[in-house]
Every structure is written in C-alpha cells, then in structure tokens.
Amino acid sequence: MTASHTAEITALYRYPIKGLTPESLPRVALRSGQTLPADRRYAIENGPSGFDPEAPEWKPKVQFLMLARNERLASLDSRFEDATNRLTIRKDGEIVASGDLETAAGRAAIETYFSENFQPELKGPPKVLSGRGHSFSDVARKVVSIINLDSVRAIEAMLGGVAVHPLRFRANLYVKGWSAWSELDLVDQTLAIGQARLKVVKRIKRCPATNVDPDTAVRDLDIPPTLSRHLGHMDCGIYAEVIEGGEIGVGDTVAVEQPKLV
C-alpha cells in the first residue's frame, strides 16, 4: 500500500467501560502513547482477578464481564459523563443503575445491579475497576483500534450477503477507502491523520464478541470461524499506537506515510 491509498474516517468511538455501550465522538484529541480519552477506562471484574489499582497491570479479558461470553451486556444502554465520572445504565429505556465511578457509593450502585442481574454468569462479586489511566484493553499496550469498512463488506459476502453491523468489532476508528484486507499489510507502517501520527503495531485477531449483534444482544453469527475458513486466519482490523498527538475527527483523511529517504 502506498501513500496514494488514503482512507477517510467515517466514525469515531470510545468504550469507557469495557463491554458496555460504544460512545460516538465527532472529534477527539490524541496524545502520544495514549488511547482515546477514557477508552476502556473501567472494567467490571468477574470474580477476583488480582488487579491492583495502585499498581495496575494488564489482565486477560476473561477476568472481566465481556461480550465474548456475556452477550447480555449489549442489551444495556450505558452513558459515561466525563465531568462527573457518572455512569448511567438503562435497560429498555428505564434507568436501572447510576453512580459516580470514582466514589465507593457510586461503584457499589453499579456493582449491585450486576450482582442482582448477571448472577448465572458471575464467578464472584462483580467489582468496578479503575487504574488511574490504565486501559483495560484486550492487549497489553495502549492502542487505537481501526476497522476497514471494506473488510466488513467482504465478511458480509463470506456470510452469503448477511448484513454485519460494524460495531460488532468495537473499533475506535472506522475508515473507508482502503480495499478489503489491505489494512492487514500495514503493520509497522505509520498513518498520518492531520498532525497526529499512529504506528500500526498489530493485526487484531477476532474473538466470539463479534458474533453478538450490538442492537439485539443476540449471538447470531459465526465470524471468527468464517474468517478462518476463507482467509486462513481470524484477523480483521489493526491496532496502532499514537506516536505524535493531534486532533482527529470524522471526515479526516488517513494517509500511509512513506519512510523518509536518508
């Protein structure tokens, strides 16, 4: 892929609480070495994980409530307010839990809801976790995830024309303009978005979370095995690290930066 193969950002999302509702953003300021602001800032521990908020270290996602195993999470509509640190959860339009996640009482209100309503799936008392800037990402580094919409369209064709909601992939950036699967060849390349620079560090191996419809909370597709049958791998999307900060937004161009000649 060359610099002439540019893409356009069609949507930006963050996921303040791992496994809960995506939040759309028109523009966002990226900082070097960081995720999107508040992305995966919190997680809901599913039984004791050993996570220490005073010395946060990466833990595998099986330690938390997550869509890969807990598809009912998609039936909840959650909103996080940065100014107040308040999470509000609605079910069928009604508020079922609300609390300031930076206070013990607020976390307890959220934990009580999950304790009372997710009992069959719980391995122990649910606990809201925060790690002072830690990101509860699926990988042990702070990254931005990118999905190529042409690759999503290719998956639809693999499935015989079944519509695939792009939010099944829970990406931060959704882009159009790249040919299907060409993004997988961008590992170690640098992407330029305005003043921001992102280095692609890893392909994303998909898990059963992609099988869950984000609108209906129904596990109705079989995406990872479908990828494996057609492509010989289960990768869709890329992770990138922010190496130079800058503001990015919907409609911005994503260009593959060519190496400087020495």
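What distance separates the centres of domain 1 and domain 2, taken over C-alpha atoms? Keep that in mind as you load this predicted model and colour it by domain.

**Stop 1: the two domains.** Select residues 6–33 together with 140–256 for domain 1, then 42–130 for domain 2, as the domain assignment of the chain gives them. Their centres, over C-alpha atoms, lie 24 Å apart. The contact draws on 19 residues from domain 1 and 25 residues from domain 2.

**Stop 2: the interface.** Show a surface here if you like. Between them, domain 1 and domain 2 bury about 1,800 Å², with 60% of it on carbon and sulfur atoms. Now pick out Ile17, Lys18 and Leu20: they supply 31% of the area that domain 1 buries against domain 2, more than any other three residues.

**Stop 3: polar links.** Switch to sticks. Two salt bridges are counted between domain 1 and domain 2, and ten residue pairs are in polar contact across their interface, both partners at pLDDT 80 or more. Next, select arginine 14 and aspartate 82, whose side chains form a salt bridge at 2.9 Å, N to O.

**Stop 4: helix 3.** Move along to residues 223–231, where the buried residues are Ile223, Pro224, Thr226 and Leu227. Why do they share a side of helix 3? Because they cover an arc of only 160° around the axis. Add helix 2 (149–158) and strand 13 (235–244) to the view, and you have what the buried residues of helix 3 pack against.

**Last stop: glycine 232.** Just after helix 3, glycine 232 takes a positive phi of about 80°.

Definitions and conventions: Residues numbered from 1 in each chain as written. Predicted model: local features only at pLDDT ≥ 70, side-chain atom pairs only at ≥ 80, totals over all residues. Heavy atoms only, no water. Buried < 20%, exposed > 50% of the residue type's maximum accessible area, 1.4 Å probe, protein only. Helix = DSSP H or I, 4+ residues; strand = E, 2+ residues; numbered from the N terminus. Arc of directions from axis to C-beta. Contact = heavy atoms within 4.5 Å. Domains from an automatic or database assignment. Buried area = accessible area lost by both parts, 1.4 Å probe. Salt bridge = Lys/Arg side-chain N within 4 Å of Asp/Glu carboxyl O. Polar contact = N/O pair within 3.5 Å; in protein donor to acceptor, adjacent residues only side chain to side chain.
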